[in-house]
Amino acid sequence: MNLSILTDKELSLALENLIGDERQVTLKVLYHLIELGQRGRFRDEGYSSLFDYCTRKLKYSEGCAYKRITAMRCLSDNPELGELFAQGKINLCTLTTASRALREETATVEQIVGKTKREVELLVARPAEAKPRERIKPIAV
């Protein structure tokens, strides 16, 4: 592939088209993982978990497998996220980051749309729980 023959405009346009295709393919992968998980097909093939299937069979890194499994579970619970993902209004990182907050209903889909991963992290951050102070009481003997 010789990309040096492309003009700057052609290169940018080609890249934008590829990104759109990548989003569509990733979304299809997530939908396939949902169906595979619902059928328990990974167990039939001898894998202990969907994570095991994704890392050993599909050759995803552990981080990639985790993101896709977390995103597919979130997508399964919130089907409206599919269209937003396809449009590029949310991405795999923001979906993964917000999944717990969406499940626990401490954040809404509207709150994560168009946000960066960092903005979503700040949105869903839990305040650090105050640790009880340690007190030592003298004991009279």
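# A guided tour of an eight-helix chain

A compact globule of 141 residues would have a radius of gyration near 14 Å, whereas this chain has 21 Å. Keep in mind throughout that you are looking at a predicted model.

**Start with the whole chain.** Show the C-alpha trace and turn it along its principal axes: the spans are about 90 × 40 × 30 Å. Now switch to a cartoon and colour by secondary structure. You will find 8 helices and 0 strands, so the order from the N terminus reads α-α-α-α-α-α-α-α.

Next, put a surface on the chain. Its accessible area comes to about 10,500 Å², and carbon and sulfur atoms hold 53% of that. Buried residues make up 29% of the 141 residues. If you like contact maps, open one here: among contacts with a separation of 6 or more, 45% join residues 24 or more positions apart.

Before zooming in, colour the charged side chains. There are 23 positive and 20 negative charges, and their mean positions lie 7 Å apart. Some of these charges pair up, giving a count of 8 salt bridges. The next three stops visit some of them.

**Stop one: the end of helix H1.** Select Glu35 and Arg39. The two form a salt bridge, with 2.8 Å between the closest N and O atoms. Why are they about one helical turn apart? Both belong to helix H1, which covers residues 8-39, and they sit 4 residues apart there. Colour the pair by accessibility and the partners fall into separate classes: Arg39 counts as exposed at 61% relative accessibility, while Glu35 is partly exposed with 35%.

**Stop two: a charged network.** Select Arg41, Asp44, Glu45 and Lys57 together. Salt bridges link these four residues in a network. Within the group, pick out Arg41 and Glu45, whose side chains meet in a salt bridge of 3.9 Å from N to O. Arg41 is partly exposed, at 36% relative accessibility, and Glu45 is also partly exposed, with a relative accessible area of 31%.

**Stop three: helix H8.** Move to residues 117-124 and select Lys117 and Glu121. Here a salt bridge brings the closest N and O atoms to 3.9 Å. The two residues are 4 apart in helix H8, which means that about one helical turn separates them. Is Lys117 buried, exposed or partly exposed? Lys117 is partly exposed, with a relative accessible area of 38%, and Glu121 counts as partly exposed too, at 27%.

**Stop four: inside helix H6.** Select residues 92-103, then single out Ser99, which is found in this helix. Ser99 has 9% relative accessibility, and because the cut-off for buried is under 20%, Ser99 counts as buried. What does Ser99 touch, leaving aside its neighbours within four places in sequence? Show side chains around it and you will see contacts with Thr70 and Cys74. Those two residues fall within the range of helix H4 (62-77).

**Stop five: back to helix H1.** Select Lys28, which is found in H1, and add Gly82 to the selection. Draw a distance between their C-alpha atoms: the value is 9.6 Å, although 54 residues separate the two in sequence. Lys28 counts as exposed, at 52% relative accessibility.

**Stop six: two loop residues with positive phi.** Most residues other than glycine have a negative phi. With that in mind, select Lys59, which has a positive phi of about 65 degrees although it is not a glycine. Where is Lys59 placed? Look in the loop between helix H3 (50-57) and helix H4 (62-77). At 65% relative accessibility, Lys59 counts as exposed.

Then select Glu105. Glu105 is also not a glycine, and its phi is positive at about 60 degrees. Its place is the loop between H6 and helix H7 (109-112). The relative accessibility of Glu105 is 71%, so Glu105 counts as exposed.

**Last view.** Zoom out with your selections still shown. On one screen you now have the network of Arg41, Asp44, Glu45 and Lys57, the buried Ser99 in helix H6, and the positive-phi residues Lys59 and Glu105.

How values were computed: Residues are numbered from 1 along each chain as its sequence is written. This is a predicted model: local features need pLDDT of at least 70, side-chain atom pairs count only at pLDDT 80 or more; totals for chains, interfaces and linings use all residues. Side-chain values use heavy atoms; hydrogens and water are left out. The radius of gyration is taken over C-alpha atoms; the globule rule is 2.2 Å times the number of residues to the power 0.38. Buried means under 20% relative accessible area, exposed over 50%, partly exposed in between (1.4 Å probe, protein chains only). Contact means heavy atoms within 4.5 Å. Accessible areas come from the Shrake-Rupley method with a 1.4 Å probe; for residues, only the protein chains shown count as cover. Lys and Arg count as positive and Asp and Glu as negative; His and the chain ends are not counted. The place of a charge is taken as NZ of Lys, CZ of Arg, CG of Asp or CD of Glu.
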